[in-house]
Amino acid sequence: MSSLLDTLFSVRDRTIVVTGGYGQIGSALVCAFIEAGANVAVLEPKVTPLKTDNAFGACASSPRLAVISADVTKRASLVDAQIELIERFGVPHGLINNAALDSPPDSPPEETGPFELYPEDSWDRVMDVNVKGVFLCCQVFGAAMAKAGRGSIVNVSSIYGAVSPDQSLYEYRRARGETFFKPVAYAASKSALYNLTRYLAVYWGARNVRANTVTFAGVFNHQDPEFLDRYEQKIPLRRKSERSDLKGMALPTDYVGPVAYLLADASGYMTGADLCVDGGFQAH
Ligand SMILES: NC(=O)c1ccc[n+]([C@@H]2O[C@H](COP(=O)([O-])OP(=O)(O)OC[C@H]3O[C@@H](n4cnc5c(N)ncnc54)[C@H](O)[C@@H]3O)[C@@H](O)[C@H]2O)c1
């Protein structure tokens, strides 16, 4: 007999859509949910053959995984994806809006220059994926969940959507002679998700579709050692088991539990809320 906690936290046989599921965090979520007995549909603009030695590991060959070609900025491709998904696994129970564009550390200089010169087309590109993409996925998959009378939407935000990027973290780059500022569009786009989420929580509350955000802090990705030294000062949490090279940064698996909680019945009375998982970044 399974315990109440087992039942509350179970995602077994749930169908979950993960946009951007090939990415660093997305692939960790996908694998974890498949291992837990969920059916997972990954939406990516370019579907490439999955090998078992990639981020998905053994999950790559699971019959519970469907990789569907879809661009979150194109409504028609999402409608097609939903048809394929419903044929394969049925109406989704969960939607994780995880796909996003950020400006990586090696972005072209015009993207990371002064705010006054931030290119309009970069703004549009980021807003398109990070805000319009979430809006469209909610329209398409959320509508199906509302019709079915149940569902949970998890919109992935960032500490840089909750507070401004701390430009002093990047001072070391300016000291090296670069003109580097963490750009504006990502921060503005991630911030927009909080009220889009609250809007949906209210709008679909009567249809038993919940909508929440998660706010994540930075994930370790072999960043510049000078950045890591500065970033570590911003994170109060020191974990006993932490690898010393992480310097306070998260691993993708740190975010699996919080997202699973929001999808499972354990959070059944939670909607329109934010679950902040940032090692204490915003606590000071
Ligand atoms: N990595 C971090 O440090 C960090 C920190 C805080 C929040 N986040 C958030 O977590 C989420 C995942 O981040 P990540 O670092 O794993 O990202 P990532 O760049 O590793 O992966 C993003 C994925 O989205 C996909 N994608 C891009 N455009 C798309 C489109 N139009 N349609 C469908 N898919 C598209 C990409 O192909 C990629 O696989 C994002 O929402 C990000 O803002 C990340």
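## Exercises on a seven-stranded sheet and its cores

In strand S2, the bridge partner of Val17 is Ala41. Let us start from that pair and work outwards through this predicted model.

**Exercise 1. Work out how S1 and S2 run, and where they sit in the sheet.**

Step one: S1 and S2 are parallel, and five bridges join them. Step two: place the pair in the whole sheet, which is open and has seven strands in the order S3-S2-S1-S4-S5-S6-S7, with parallel pairing. Step three: look at the ends. Strand S3 (65-69) and strand S7 (274-277) are the edge strands, each pairing on one side only. From one strand to the next, the twist averages 20 degrees.

**Exercise 2. Find the bridge partner of Asn155 in S6.**

Begin with the two strands: S5 (residues 151-158) and S6 (residues 209-216) pair in the parallel sense over eight bridges. Within S6, Thr213 is the partner of Asn155. Now add a helix to the picture. Helix H9 (residues 256-263) packs on the sheet and touches S1, strand S4 (94-97), S5, S6 and S7. The direction of H9 makes about 170 degrees with that of S6.

**Exercise 3. Decide which faces of S2 are covered.**

Take one side first: Asn39, Ala41 and Leu43 are buried there. Then turn to the other side, where Val40, Val42 and Glu44 are buried too. Both faces are therefore covered, as buried means under 20% relative accessible area. The count agrees, with six of the six residues of S2 buried.

**Exercise 4. Trace the largest nonpolar core and the surroundings of Phe33.**

The largest nonpolar core holds 49 residues, and Phe33, Ile96, Tyr231 and Val259 have the most contacts inside it. Next, ask which elements give two or more residues: they are S1, helix H2 (24-35), S2, S5, helix H5 (159-162), S6, helix H8 (225-234) and H9. H2 gives the most, with seven residues. Now zoom in on Phe33. Beyond its neighbours within four places in sequence, Phe33 is in contact with Val11, Ile16, Ala38, Val40, Ile96, Val259, Ala260 and Leu263. Finally, keep a separate, second core of 28 residues in view; Leu43, Ile68, Ala81 and Phe89 are among its members.

**Exercise 5. Check the span of helix H7 and say what its buried residues pack against.**

H7 (residues 184-203) has 20 residues, which at 1.5 Å a residue should span 28 Å. The end C-alpha atoms lie 29 Å apart, so the two values agree. The buried residues of H7 include Tyr186, Lys190, Leu193 and Leu200. Their packing partners are helix H4 (120-148), S5, H5, S6 and S7.

**Exercise 6. Explain why Cys59 forms no disulfide with Cys31.**

Step one: the closest cysteine sulfur to that of Cys59 is in Cys31, 4.0 Å away. Step two: compare with the cut-off, which asks for sulfur atoms within 2.5 Å. The pair is therefore too far apart for a bond. A search of the whole structure likewise finds zero disulfides. For burial, Cys59 is buried, at a relative accessible area of 7%, while Cys276 is partly exposed, at 37%.

**Exercise 7. Describe the setting of Ser69.**

Ser69 is found in strand S3. With a relative accessible area of 45%, Ser69 is partly exposed. Setting aside neighbours within four places in sequence, its contacts are Glu44, Pro45 and Val47. Ser69 and Thr48 are 21 residues apart in sequence, and their C-alpha atoms are 9.3 Å apart in space.

Notes. Residues are numbered from 1 along each chain as its sequence is written. This is a predicted model: local features need pLDDT of at least 70, side-chain atom pairs count only at pLDDT 80 or more; totals for chains, interfaces and linings use all residues. Side-chain values use heavy atoms; hydrogens and water are left out. Two strands pair if DSSP finds at least two bridges between them. Helices (H or I, at least four residues) and strands (E, at least two) are DSSP runs, numbered from the N terminus. Axes are lines fitted to C-alpha atoms, for helices over the stretch in contact, and angles run from 0 to 180 degrees between N-to-C directions. Contact means heavy atoms within 4.5 Å. A nonpolar core is a set of buried Ala, Val, Leu, Ile, Met, Phe, Trp, Tyr and Cys residues joined through side-chain atoms within 4.5 Å. Buried means under 20% relative accessible area, exposed over 50%, partly exposed in between (1.4 Å probe, protein chains only). The expected span of a helix is 1.5 Å times one less than its number of residues.
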